[in-house]
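Here's a quick briefing to read with the model open in your viewer. It goes topic by topic, so feel free to jump around.

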Amino acid sequence: MKFRDGQEVLSGLCPHYRLKELRVTNYGGSMIPSWLSDPSLCKLVSIYLRSCQTCTVLPPLVLLPALK
């Protein structure tokens, strides 16, 4: 069985276009995947990142029209 790290798992997700809230806790990757700024996530209102100490790169969140 191959162990996957958090960055590989998060990068492999394909969130539903109706997603309204995203919470990421204890993420050990250095960057949040680029799918987070995909305009198809047009209903995403809030993003909550907690205990993501090694994360230094965020995608351009300005592309999400409903984000508050």
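**Leucine 19 and the wider picture**

Leucine 19 comes out as partly exposed, its relative accessible area being 22%. Keep in mind that this is a predicted model. In it, leucine 19 sits in the loop that runs between helix H1 (6–11) and strand E1 (21–25). From there, the notes below move out to the fold, a second loop residue, the charged side chains and the cysteines.

**More on leucine 19**

- Once you set aside neighbours within four places in sequence, leucine 19 has contacts with Lys43 and Leu44.
- Cysteine 42 is 23 residues away from leucine 19 in sequence, and the C-alpha to C-alpha distance between the two is 8.4 Å.

**Overall fold**

- The chain has one helix and two strands, and going along the sequence they come in the order α-β-β.
- For 68 residues, a compact globule would be expected to have a radius of gyration near 11 Å, and the chain's 12 Å agrees with that.
- If you want box dimensions, the C-alpha trace spans about 35 × 25 × 15 Å along its principal axes.
- Of the 68 residues in the chain, 24% are buried.
- Take the contacts in the chain with a separation of 6 or more: 56% of them are between residues 24 or more positions apart.

**Serine 37, another loop residue**

- Serine 37 belongs to the loop between E1 and strand E2 (46–50).
- Is serine 37 buried or exposed? Serine 37 is buried, because its relative accessible area is 8% and the cut-off for buried is under 20%.
- Leaving out neighbours within four places in sequence, serine 37 makes contact with Pro59, Pro60, Leu63 and Leu64.

**Charges and rings**

- You'll find one salt bridge in the structure.
- Which side chains meet in that salt bridge? They belong to glutamate 21 and arginine 23, with an N to O distance of 3.0 Å.
- The glutamate 21 end is partly exposed, at 44% relative accessibility.
- Arginine 23, on the other hand, counts as exposed because its relative accessible area is 54% and the cut-off for exposed is over 50%.
- Arginine 23 also lies over the face of tyrosine 48, 4.8 Å from the ring centre.
- As for aromatic pairs, the structure has zero of them.

**Cysteines**

- How many disulfides does the count come to? The count is zero.
- It helps to recall that a disulfide is a covalent bond between the sulfur atoms of two cysteines.
- Start with cysteine 42: the closest cysteine sulfur, in cysteine 14, is 14 Å from its own, so that is too far for a bond.
- Cysteine 42 is also partly exposed, at 36% relative accessibility.
- Then there's cysteine 55, where the closest cysteine sulfur belongs to cysteine 52 and lies 6.1 Å away. That is still too far for a bond, because the cut-off is within 2.5 Å.
- Cysteine 55 is buried, with 18% relative accessible area.

Key: Residues numbered from 1 in each chain as written. Predicted model: local features only at pLDDT ≥ 70, side-chain atom pairs only at ≥ 80, totals over all residues. Heavy atoms only, no water. Salt bridge = Lys/Arg side-chain N within 4 Å of Asp/Glu carboxyl O. Buried < 20%, exposed > 50% of the residue type's maximum accessible area, 1.4 Å probe, protein only. Phe/Tyr/Trp six-rings, centres within 6.5 Å; stacked < 30°, edge-to-face > 60°. Lys NZ or Arg CZ within 6 Å of the ring centre and 35° of its normal. Helix = DSSP H or I, 4+ residues; strand = E, 2+ residues; numbered from the N terminus. Rg over C-alpha atoms; globule rule 2.2 N^0.38 Å. Contact = heavy atoms within 4.5 Å.
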